[in-house]
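Thank you for making time for this. I would like to walk through one structure slowly, for those who have not met it before.

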Amino acid sequence: MDAAASATATGSLRKFLENLSGAGKAIGVLTSGGDAQGMNAAVRAVVRMGIYVGAKVYFICEGYQGMVDGGTNIVEANWESVSSILQVGGTIIGSARCNDFRSREGRLKAACNLVRLGITNLCVIGGDGSLTGANIFRKEWSGLLEELAKNGQLDPAAVQGHMHLNVVGMVGSIDNDFCGTDMTIGTDSALHRIIEVVDAIMTTAQSHQRTFVLEVMGRHCGYLALVSALACGADWVFLPESPPEERWEEHLCLKLSENRARKKRLNIIIVAEGAIDMKNKPITSEEVKQLVVRQLGYDTRVTILGHVQRGGTPSAFDRILASRMGVAAVIALLEATPETPACVVSLSGNHTVRLPLMECVQMTQDVQKAMDEGRFKDAVRLRGRSFEGNLNTYKRLAIKLPDDQIPKSNCNVAVINVGAPAAGMNAAVRAAVRVGIADGHRMLAIYDGFDGFAKGQIKEIGWTDVGGWTGQGGSILGTKRVLPGKYLEAIATQMRTHNIHALLIIGGFEAYQAAFTISDARGRHEEFCVPVCVIPATISNNVPGTDMSLGSDTGLNTVVETCDRIKQSASGTKRRVFIIETMGGYCGYLANMGGLAAGADAAYIFEEPFDIRDLQSNVEHLTEKMKTTIQRGLVLRNESCSENYTTDFIYQLYSEEGRGVFDCRKNVLGHMQQGGAPSPFDRNFGTKISARAMEWITSKLKEFKGKRFVTDDSVCVLGISKRNVLFQPIAELKKETDFEHRIPKEQWWLKLRPLMKILAKYKTSYDVSDAGQMEHVYYRSTHGEPAAI
């Protein structure tokens with residue numbers, strides 16, 4: 001860390017400790033309503049961040065019922081109380097529906113129980129009902145306390161010092177049905193359960209040429225159904241917010257029979273449990289099955305997932321999201337004043353924000369009202385940019401117009417994969433091909449990267465050719481790390497031969513470098529004067545111009561799942577530390593974020609230089625940890641973090657220095673991080689980002705039809721930057737790139753690095769300047785396009 005950064009960090013620390021001290025404060029944390037994977041990660045973050053700043057933190061067990069009943073339901077938490085819960089689904093402090101809290105008498109009991117323990121800061125993890133209840137409680141708080149003092153149940157002096165209740169909410173709901181946040185805690189994990197089932201079903205369905213009707217949760221919100229359909233390329237999806245048009249039965253059967261006629265051996269239909277028609281009449285999975293059997297005679301099965309979607313271990317995304325939100329919630333509580341309204345910590349793109357709780361609740365209720373009144377377009381719009389974007393993309397990719405109804409552009413657009421394979425590449429290619437065909441282009445697939453490009457391995461690719469690609473790992477087109485530099489003449493010849501008007505490059509840092517090479521060669525080869533768009537796709541997440549690269553979520557989940565298994569392997573062994581090496585080149589994303597999601601004690605990365613004193617400090621920290629009931633340690637190391645402090649060196653150092661206190665094991669994860677089926681996030685992200693790239697290419701081709709492209713803005717990287725989806729010219733990104741180490745000079749996730757250290761009980765600085773002021777739920781960015789991930 002350089003001197004300026006160090007000074008900034010120190011300044012942040014000073015501000016944090018002086019202005020946000022929790023000394024003398026008590027925070028109560030509860031989980032309420034339906035459980036969701038990731039709730040435990042949120043509880044852990046609240047407890048440890050609260051203790052870190054000097055506050056007392058209390059578990060309120062069994063939700064509002066525990067608050068009303070009091071006694072042993074409200075207990076002080078310590079650091080060890082939340083050890084080893086990151087990977088546990090559900091909620092360790094319990095959740096329950098509570099009718100007592102709906103009455104004033106119940107809330108009087110709850111207030112009395114809280115004040116006796118000095119709790120005037122409440123962190124509520126639940127859905128809109130739970131958060132609405134918290135806001136009512138907050139509004140009534142002073143009146144409740146006055147009544148309790150008047151009845152003699154509380155000492156008037158004690159009441160005087162606790163007249164204000166601060167409330168901060170986090171949304172824990174697998175349905176993603178809360179307006180104001182792009183993702184709720186538990187949604188990504190539920191999608192993992194659904195996609196696991198879909199992938200399994202697709203293999204058996206293909207064997208027997210079957211149709212499967214899959215019912216997923218979502219009584220009032222179709223998010224799970226919609227994203228599942230997008231992620232697996234379902235033939236049809238039924239949603240509460242967007243009912244099918246009149247005579248949908250005919251359209252459905254026609255669609256299924258057309259797909260079978262194209263040699264598709266299976267059909268997948270996804271039904272949200274709250275699906276309705278235009279007259280608000282329920283559409284059930286059994287009804288859909290009977291329709292298909294009656295009209296088409298297809299062998300059809302129904303699978304109802306039920307509570308499987310709530311179960312299992314939380315995904316890496318949910319653990320990180322919950323940890324970020326938990327820390328942000330504590331900071332919001334410490335900054336709150338009596339005038340601060342109850343707020344909810346939300347996700348906007350890749351950025352955490354605070355929104356007024358009741359604005360979010362009101363919009364969520366407005367969605368249901370619009371559906372009840374048959375205003376379904378309004379319901380989709382109110383549901384938010386993420387939902388609306390998913391729905392529009394699904395429609396474009398699922399329904400192909402007859403060829404004679406598609407206006408031809410007379411343009412050829414080529415798609416190529418470059419660099420190491422990354423999960424989600426195939427989903428991106430599928431989306432590009434289908435959107436390109438829908439826009440009237442002739443789509444060309446380039447096989448085996450630039451090596452294949454130079455050799456003329458180019459074929460036209462059609463709508464049905466990419467069917468079933470979303471769930472496939474690796475790269476079906478084939479990909480190589482070869483750069484175009486030495487093949488420029490041959491590639492230019494192939495572009496001229498195939499009359500290529502635009503190029504979509506999907507890949508890692510090599511794809512980024514290739515775009516520079518092509519751009520620089522425009523003066524020598526006019527064939528390269530075409531729109532070029534790069535979609536970053538690499539598990540390393542090291543491409544400038546985006547916060548998230550396609551494939552990095554799948555790689556991160558592999559790291560976290562392996563860490564869970566390795567930790568579990570020591571469940572019968574006392575005092576053991578695991579040293580795990582991750583991939584990533586010089587980029588420490590996998591090691592750092594994997595450490596945050598897996599609860600690591602340390603993560604060594606290239607971006608933050610370390611020396612033998614740091615290693616010794618970490619060993620001493622683990623030695624102290626082993627004296628408590630926590631007797632397992634986890635240390636991650638990025639493969640290129642240091643030339644001399646190798647994985648073997650660190651393993652031997654820890655083994656020697658920990659002798660007599662703990663023993664060590666090491667594990668090099670290797671290429672398993674690049675393999676496997678893409679995560680739901682990468683399937684969805686690859687599909688949407690690629691569709692957007694093709695829309696950009698189409699707009700460029702229409703705008704400059706027949707002209708040569710020579711300006712910087714015709715060679716772009718498409719990525720997410722905080723809240724926005726941005727097309728950034730590579731010429732502008734050049735100065736932000738460390739080409740020697742193949743990483744951006746500034747990386748957003750380094751701001752989250754202190755979270756891992758704080759949650760592992762290290763004293764460190766944490767920049768809270770991004771926390772900012774409370775915003776409004778109707779906020780829309782004025783720069784770029786909103787990023788809904």
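Before I point at anything, one term: a residue is called buried when its relative accessible area is under 20%, exposed when that area is over 50%, and partly exposed in between. Please also keep in mind throughout that what you see is a predicted model.

With that term in hand, let me begin at strand β17, which covers residues 576-582 and is mostly covered, seven of its seven residues being buried. If you look at the two faces of β17 in turn, you find R576, F578, I580 and T582 on one side, and V577, I579 and E581 on the other, all of them buried. So which strands pair with β17? One is β19, residues 632-638, which pairs with β17 in the parallel sense over seven bridges, and within that pairing I579 stands opposite V635. Another is β20, residues 663-668, also parallel to β17, with six bridges between them, and here I580 of β17 has N667 as its bridge partner.

Let me now move to a sheet elsewhere in the chain. This one is open and is made of seven strands, which come in the order β3-β2-β1-β4-β5-β10-β11, with mixed pairing. The strands at the edges are β3, residues 74-76, and β11, residues 351-356, and because each has a single partner strand, one side of each is left without a neighbour in the sheet. From one strand to the next, the twist averages 25 degrees. Inside this sheet, β1 (residues 26-31) and β4 (residues 121-126) run parallel and are joined by five bridges, and L30 has V124 in β4 as its bridge partner.

Next, the empty spaces, starting with an open one. The second largest pocket has a volume of about 1300 Å³, and its lining takes in 47 residues, with D235, W236, K255, A398 and I399 lying nearest the centre. Several elements give two or more residues to that lining, namely α7 (187-208), β7 (236-238), α9 (248-261), α13 (376-383), α14 (385-398) and α15 (425-438). Which of these gives the largest share? That is α14, with seven residues. Sorted by class, the lining of this pocket holds 23 nonpolar, nine polar and 15 charged residues.

Turning to closed spaces, the count comes to two cavities of 30 Å³ or more, and the largest of them has a volume of about 160 Å³. It is lined by 14 residues, of which F317, I320, R324, N350 and M548 are the closest to the centre. Two or more lining residues come from each of α11 (316-335), α19 (552-568) and α20 (589-598), and the largest share, five residues, is that of α11. By class, the lining of the largest cavity divides into 11 nonpolar residues, one polar and two charged.

Finally, the charged pairs. Over the whole structure a search finds 37 salt bridges, and I will pick out a few. In the first that I want to show, E608 meets K757, with the closest N and O atoms 2.8 Å apart. E608 sits in the loop between β18 (602-604) and α21 (612-625), while K757 belongs to helix α25 (residues 753-759), so this pair ties together parts that are 149 residues apart in sequence. Are these two partners buried or exposed? Both fall in between, since E608 is partly exposed with a relative accessible area of 23%, and K757 is partly exposed at 21%.

A second pair is R659 with E656, whose side chains meet at 2.8 Å, N to O. Here R659 is exposed, at a relative accessible area of 60%, whereas E656 is partly exposed at 46%.

A third pair joins K700 and D713, at 3.7 Å from N to O. K700 is in helix α23 (residues 680-703) and D713 in the loop between α23 and β21 (715-721), with 13 residues separating them in sequence. K700 counts as buried because its relative accessibility is 10%, while D713, at 38%, is partly exposed.

I will end with a group rather than a pair: R104, R107, E140 and E147 are linked in a network of salt bridges.

Note on methods
Residues numbered from 1 in each chain as written. Predicted model: local features only at pLDDT ≥ 70, side-chain atom pairs only at ≥ 80, totals over all residues. Heavy atoms only, no water. Pairing = 2+ DSSP bridges. Helix = DSSP H or I, 4+ residues; strand = E, 2+ residues; numbered from the N terminus. Axes fitted to C-alpha atoms, helices over the stretch in contact; angles between N-to-C directions. 1 Å grid on protein atoms, 1.4 Å probe; cavity = no way out; pocket = protein on both sides within 12 Å on 5 of 7 lines; lining within 4 Å. Points joined across faces, edges and corners; volume = space filled by probe spheres on them. Nonpolar A, V, L, I, M, F, W, Y, C, P; charged D, E, K, R; others polar. Salt bridge = Lys/Arg side-chain N within 4 Å of Asp/Glu carboxyl O. Buried < 20%, exposed > 50% of the residue type's maximum accessible area, 1.4 Å probe, protein only.
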